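I opened the model to go through its sheets, helices, rings and unusual backbone spots. The notes below follow the order in which I looked things up.

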Amino acid sequence: MKIWSREMREISEGEEPTVKVNGGAHPWQSAAEAGASSAGAGPGGREAGREPAGRGPAGGRVPKIGGAYEQRAGSGALRLRLRRRRRKMAATEASDPLLMLGVGLIEKDTNGEVLWVWCYPSTTATLRNLLLRKCCLTEENKLLHPFVFGQYRRTWFYITTVEVPDSSVLKKVTHFSIVLTAKDFNPEKYAAFTRILCRMYLKHGSPVKMMESYIAVLTKGICQSEENGSFHSKDFDARKAYLAGSIKDIVSQFGMETVILHTALMLKKRIVVYHPKIEAVQEFTRTLPALVWHRQDWTILHSYVHLDADELEALQMCPGYVAGFVDSEVSNRSDLYDVFVNLADGEITIAPLAKEAMTMGKLHKEIGQLIVQSAEDPEKSDSQVIQDISLKTKEIFTNLAPFSEVSDDGEKRVLNYEALKQRRFPPATENFLYHLAAAEQMLKI
């Protein structure tokens, strides 16, 4: 089984990611605590006080309907201004320390007991239980997972776990996990920072130094240490996180069937990916949103989900998603997916209820051939493959645009289904364009 490449890649041309930041109550607080100011026990205690509430950068939004491509590209000057603004917003996300939400410490002692030891700021019991479940310390006779990440109710979590060496001052601890929660998707950034925090805890055996570094990054975006390494938030561009996976590796495994994944993502269907190794699941799932680069939306990614009632409830509130599981039992949960990817066996299955919307035709064959030809070209990078797919996607929306009209309220464009039927596309193409319009909220209500 291939583990997908972590090599950082940038798109040399074309669209750049638009950053979206979610507001709302601090996820490490209860609803009653949100917005309140109080002090806790401090870095040496079980619960520390909360930092002052901050505001992340305002996120832009890429228009979603087909006609929006023409509207957005009204003039060369407008395109240039929008591109510069998106680039500035992506850079702002990379350097904004207030995207971090909290830090926590989980320990496994010599008696085999796993404890939630410390966090800043205070956290809810629900989030604490979820993070305990995500760290590998609570699993019996399982391999150590050095780094995992995922999303729960629009909060990203990043967990680095280490084994305590005999030379450490932590004599009664065998393993521990450092947990960071944040508003943004950037595994490489938070993996780097949690590694630094781990080295500090191994050396000092107290959360105090970790607290100091966390506050430094929270307030200044930087922490420096000759012993443990330096961290600069601005060094981790969000665009690189979006492009860290390999589309070419996915196509290498699934060939023409990659078009099933592309179609499911275009129609905002529910994709579930299974593999017994969490590292394989995460590297595969994080790459899939790049197949619909025009949306630049990684909020659909839920790379590490357990078959837990609360997690599944949160997942099913999402209209479409890419969800990763390591429990083979998920294959029997057809209520969770429209498309099921058994990554271990290299198989893709379309659920019976989704087959009508996912009917394949000539258009899908063209898209599949383009994806395969581009991915198999040794001269092309992954970013160039993404660009080729994105150009084909724009062509699809261009084909849909003539069949849209301004809605009665004048607020958006909607599909004129009669005009679409009169065009007499092949049935599979007409069906796809109709469901695409539905996914883009272009149907008349």
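Before listing any bridge partners I fixed the term: two strands count as paired if DSSP finds at least two bridges between them. I also note at the start that this is a predicted model.

**Entry 1, the antiparallel sheet.** I looked up the strand order first. Five strands form an open sheet in the order 2-1-5-4-3, and the pairing is antiparallel. Strand 2 (114-120) and strand 3 (147-152) are at the edges with a single partner strand each, so one side of each has no neighbour in the sheet. From one strand to the next the twist averages 20 degrees. I then checked strand 1 (residues 100-109) against strand 2: six bridges join them in the antiparallel sense. For glutamate 107 I found leucine 115 as the bridge partner in strand 2.

**Entry 2, the end of strand 2.** I followed the chain onward from this edge strand. The peptide bond from tyrosine 120 to proline 121 is cis, with omega near -10 degrees. I placed proline 121 in the loop between strand 2 and helix 3 (125-134).

**Entry 3, the mixed sheet.** The other sheet I looked up is also open and has five strands, in the order 9-10-8-11-12, with mixed pairing. Here the edges are strand 9 (301-302) and strand 12 (347-350); each has a single partner strand, so one side of each is left without a neighbour in the sheet.

I took strand 8 next. Strand 8 (residues 270-274) pairs with strand 10 (residues 321-325) in the parallel sense over five bridges. Arginine 270 has tyrosine 321 as its bridge partner in strand 10. Strand 8 also runs parallel to strand 11 (residues 339-342), joined to it by four bridges. On that side I noted valine 272 opposite phenylalanine 340. Is strand 8 mostly covered or uncovered? I found it mostly covered, with four of its five residues buried.

The antiparallel part I recorded is between strand 11 and strand 12, which pair over four bridges. Valine 341 stands opposite isoleucine 348 in strand 12.

**Entry 4, positive phi.** I listed two residues other than glycine with positive phi. Lysine 268 has phi near 55 degrees and lies in the loop between helix 8 (258-266) and strand 8. Its relative accessible area is 25%, so I entered lysine 268 as partly exposed. Glutamine 296 has a positive phi of about 50 degrees; I located glutamine 296 in the loop between helix 9 and strand 9. Is glutamine 296 buried or exposed? With 3% relative accessibility, glutamine 296 counts as buried.

**Entry 5, aromatic rings.** I counted 15 aromatic pairs in the structure. One I looked at is phenylalanine 254 with phenylalanine 284: the ring centres are 5.9 Å apart and the planes are at 65 degrees, so the pair is edge-to-face. Angles over 60 degrees get that label. The pair links distant parts of the chain, 30 residues apart, with phenylalanine 254 in helix 7 (residues 247-254) and phenylalanine 284 in helix 9 (residues 278-285). I checked both for burial: phenylalanine 254 is buried at 5% relative accessibility, and phenylalanine 284 is buried at 0%.

I also noted one aromatic cluster, formed by Phe147, Phe149, Trp156, Tyr158, Phe185 and Tyr190.

**Entry 6, charges over rings.** I wrote down two cases. Lysine 134 has its charged end over the ring of tyrosine 304, 4.7 Å from the centre of that ring. Arginine 423 has its charged end over the ring of phenylalanine 425, 4.6 Å from the ring centre.

**Entry 7, a helix pair.** How do helix 11 and helix 12 pack? I found an angle of about 160 degrees between helix 11 (residues 362-376) and helix 12 (residues 382-400), with their axes 9 Å apart. The two helices are therefore roughly antiparallel. The crossing of helix 11 past helix 12 is right-handed.

**Entry 8, serine 213.** Last, I looked up serine 213, which is in helix 5 (residues 207-220). Serine 213 is buried, with a relative accessible area of 8%. I noted 9.4 Å between the C-alpha atoms of serine 213 and phenylalanine 231, which are 18 residues apart along the chain.

Note on methods:
Residues numbered from 1 in each chain as written. Predicted model: local features only at pLDDT ≥ 70, side-chain atom pairs only at ≥ 80, totals over all residues. Heavy atoms only, no water. Phe/Tyr/Trp six-rings, centres within 6.5 Å; stacked < 30°, edge-to-face > 60°. Buried < 20%, exposed > 50% of the residue type's maximum accessible area, 1.4 Å probe, protein only. Lys NZ or Arg CZ within 6 Å of the ring centre and 35° of its normal. Axes fitted to C-alpha atoms, helices over the stretch in contact; angles between N-to-C directions. Parallel < 35°, antiparallel > 145°, perpendicular 65-115°, else oblique. Left-handed = near helix turned anticlockwise from the far one by under 90°.
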